[in-house]
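Subject: Structure handover

Hello,

Here is the structure for you to look over. My notes on what turned up follow below it.

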Amino acid sequence: MNAQQKIEAIAKEKAGHEQTLETLQAALDAAADARNLAEVKRVQTETAAVQELVASCDRRAEKLQVDLIAEQKAAQRKANDAALAKFKAAAKRLPPRAHKIGQIVATLAAELEAFHADAREASDGAYDLVTQAERARSHDYLHLCTYAAFTDNVLGHCLGDELRKADIFTRLAPHGSLRLERLDLPPIGECIESRVENLTKRVEHAFTAANETLE
């Protein structure tokens with residue numbers, strides 16, 4: 001048994017002795033009323049013995065209380081050691097994850113650069129077709145070059161909405177002064193795919209118009 005269990009056992013033992021003392025007190029009073037001196041003496045002797053047992057319980061409980069405090073301190077030290085070890089183990093993993101996040105951001109930036117390189121190339125192709133159309137019709141197509149180059153806010157809106165939906169700047173990396181507008185757009189891939197499909201149809205019309213000028 002540990003100190004706490006021993007203290008509880010002694011408390012039960014003491015309670016039993018105190019109950020015996022009450023019984024002996026009643027017996028002593030009865031013997032005194034009967035003027036039975038022999039019984040009075042016997043009960044007094046037994047009472048003194050039980051009182052010593054009660055005192056013994058108190059002394060043992062007091063010593064065990066010291067042991068209990070020592071056990072509690074030892075357990076707390078062990079818990080503190082475990083808490084520190086838990087902290088260090090988890091904290092040690094944070095810098096590598098932060099480096100990985102930095103690499104992901106760098107990869108994202110590189111991917112966006114590549115996206116814009118492709119978009120500029122697409123815009124150049126559209127421009128070559130649009131400028132061949134008749135003057136009146138070319139005016140109708142010129143905006144296609146801007147759309148194909150993605151120099152407007154579409155890509156930014158799509159990316160911002162993805163970050164918002166992922167709780168990047170609210171829950172995962174809180175930023176007190178940065179608020180992303182809720183647009184509820186489809187996934188970024190679907191948005192760009194839809195725009196490219198629409199652009200393709202309109203550039204094909206420009207292609208047809210450009211060829212008409214060659215007839």
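Start at leucine 144. Leaving aside residues up to four places away in sequence, leucine 144 touches Leu199, Arg202 and Val203. Bear in mind that this is a predicted model.

Leu144, Leu199 and Val203 also belong to the largest nonpolar core. That core has 12 residues in all. The other members are Ala126, Leu129, Val130, Ala133, Tyr141, Cys145, Ala148, Ala206 and Ala209. Which elements give two or more residues to this core? They are helix 2 (37-130), helix 4 (143-149) and helix 7. Helix 7 provides the largest share, 4 residues.

There is a second core, separate from that one. This one has 8 residues, among them Leu21, Ala31, Val43 and Val54.

Next, the backbone. Most residues other than glycine have a negative phi. Two aspartates are worth a look here.

- Aspartate 167 has a positive phi, near 60°. Its place is the loop between helix 5 (154-165) and helix 6 (168-172).
- Aspartate 184 also has a positive phi, near 55°. This residue sits in the loop between helix 6 and helix 7 (188-212).

Is aspartate 167 buried, exposed or partly exposed? Its relative accessible area is 30%. Buried would need under 20%, and exposed over 50%. Aspartate 167 is therefore partly exposed.

Please open the model at leucine 144 and at the two aspartates when you have a moment.

Best wishes

Note on methods. Residues numbered from 1 in each chain as written. Predicted model: local features only at pLDDT ≥ 70, side-chain atom pairs only at ≥ 80, totals over all residues. Heavy atoms only, no water. Buried < 20%, exposed > 50% of the residue type's maximum accessible area, 1.4 Å probe, protein only. Core = buried A, V, L, I, M, F, W, Y, C linked by side-chain atoms within 4.5 Å. Contact = heavy atoms within 4.5 Å.
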